[in-house]
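Subject: Structure for your review

Hello,

I am passing on a structure for you to look over. My notes on what turned up in it follow below.

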Amino acid sequence: MREFDYRRAHDVSGALALLGAGPEARFLGGGTNLVDLMKTGVERPARLVDVRELPLDRVESTASGGLRIGATVTNSDLAAHPEVRRRYPALTQAVLAGASGQLRNMATVGGNLLQRTRCGYFADITKPCNKRVPGSGCPAIEGEHHNHAILGASGHCVATHPSDMGVALAAFDAVVSYETADGPGELPFADFYLPVGDTPHIETALPPGALITGITLPPAPVAARSRYRKVRERASYAFAIGSIAAALDVQGGVVRDVRLAFGAVASRPWRAYAAERVLTGASADAETFAAAADAELADAKPLPHNGYKVTLMRNLVVAVLSELSTDPGTEPTSEPTEEATR
């Protein structure tokens, strides 16, 4: 690991100043991803600015009826918050599905959004990777890619984003707030992650030197009837091979409102807009749910060893929406379960 300077910030302006004053500086939250990458040599910051003590650790209701989540709120505290559990249960379920309890106690909301892909080629500095070294190539396309992207990828990168929390935030139209030396700004979650294109090393639309300060969830009555389902290769502490955040409002057998987002299928949490268009105003039945999934997956471009994800995601859509249409109760459990619906 490269030697680095360590500074602790106590307010937002101080954090921004410390970052700007240090070459190759990075903000440090819980460190559950950044420190691991520093150990392997993928990340080599010259300075770490610790932001854990910034006054950004609260979950508060907004005047419009939504929630404001501070960037240093831990994943554990987010999942346990009673208003999150009541208004956005899929978000609680998504957070609980990610990592171990110890890691959730350390990981922060802001850091979760900025975690890097778990692609093995990215993590191995002896291998080429366009995300790590632009222009060096993407060996996953011809190599190991069974858990890589089927949507929105390019010839430059087929890695997937690992966040469970991000999938629920995508479904609920979250807005990311940030601060820079020039002032505050906001990014709708739909615009936060950039398409992979030919610049996979540029992952977000955050301005240089920006510090995430919080996330706002707008009011969404449909979110109270939501679920997150994660399929993985072992029962716990594993990244998804496919996941879904879904919310459904059915009146008189007809879909009145729906939110749908996929995880582990693209370089970013994937909002399923095409599926939502098919579902809205249609009959709430398995045939419609399957048609919606097919509409969303029509542009899937699986590689030789990850085509199973198309079937997996289709089955997840039908299964989860069928559950929501017949049983809207979604009280989160301590550890969500999942079935392998390949």
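A cavity here is a set of grid points where a 1.4 Å probe fits but cannot get out, and a pocket is an open set with protein on both sides within 12 Å along at least five of seven lines. Please keep in mind that this is a predicted model. By the cavity criterion, the structure holds two cavities of 30 Å³ or more.

Cavities and pockets

The largest cavity has a volume of about 80 Å³. It is lined by 15 residues, and those closest to its centre are C119, C129, C138, C157 and A159. By class, the lining of the largest cavity consists of ten nonpolar residues, four polar and one charged.

As for the second largest pocket, its volume comes to about 270 Å³. Its lining has 15 residues, with A190, R268, P269, R271 and Y273 nearest the centre. Helix 10 (189-192), strand 12 (270-271) and helix 11 (273-279) are the elements that contribute two or more residues to the lining of this pocket. Eleven of the lining residues of the second largest pocket are nonpolar and four are charged, while none is polar.

The five-stranded sheet

Five strands make an open sheet in the order 4-5-8-6-7, and the pairing is antiparallel. Strand 4 (59-61) and strand 7 (183-188) are the edge strands; each has a single partner strand, so one side of each has no neighbour in the sheet. From one strand to the next the twist averages 25°.

Strand 6 (residues 175-180) runs antiparallel to strand 7, and six bridges join the two. The connection between strand 6 and strand 7 is a hairpin through two residues. V175 has P188 of strand 7 as its bridge partner, and T180 is matched with G183 of strand 7. Strand 6 is also joined to strand 8 (residues 211-217), again antiparallel, by five bridges. One of the bridge pairs there is Y178 with I212 of strand 8.

The four-stranded sheet

A further open sheet has four strands in the order 9-10-11-12, with antiparallel pairing. Strand 9 (226-232) and strand 12 stand at its edges with a single partner strand each, so one side of each is left without a neighbour in the sheet. Strand 12 also appears above, among the elements that line the second largest pocket.

Seven bridges hold the antiparallel pairing of strand 9 with strand 10 (residues 240-251). Within it, R229 stands opposite I244 in strand 10. Helix 13 (residues 308-326) lies across strand 9, strand 10 and strand 11 (254-263), and runs at about 30° to strand 10.

Confidence

The average pLDDT of the protein is 94, and 96% of the residues score at least 70. Over residues 330-342, however, pLDDT stays under 50. For residues 330-342 the model has 42 contacts beyond four places in sequence.

Regards

Notes: Residues numbered from 1 in each chain as written. Predicted model: local features only at pLDDT ≥ 70, side-chain atom pairs only at ≥ 80, totals over all residues. Heavy atoms only, no water. Pairing = 2+ DSSP bridges. Axes fitted to C-alpha atoms, helices over the stretch in contact; angles between N-to-C directions. 1 Å grid on protein atoms, 1.4 Å probe; cavity = no way out; pocket = protein on both sides within 12 Å on 5 of 7 lines; lining within 4 Å. Points joined across faces, edges and corners; volume = space filled by probe spheres on them. Nonpolar A, V, L, I, M, F, W, Y, C, P; charged D, E, K, R; others polar. pLDDT = per-residue confidence, 0-100. Contact = heavy atoms within 4.5 Å.
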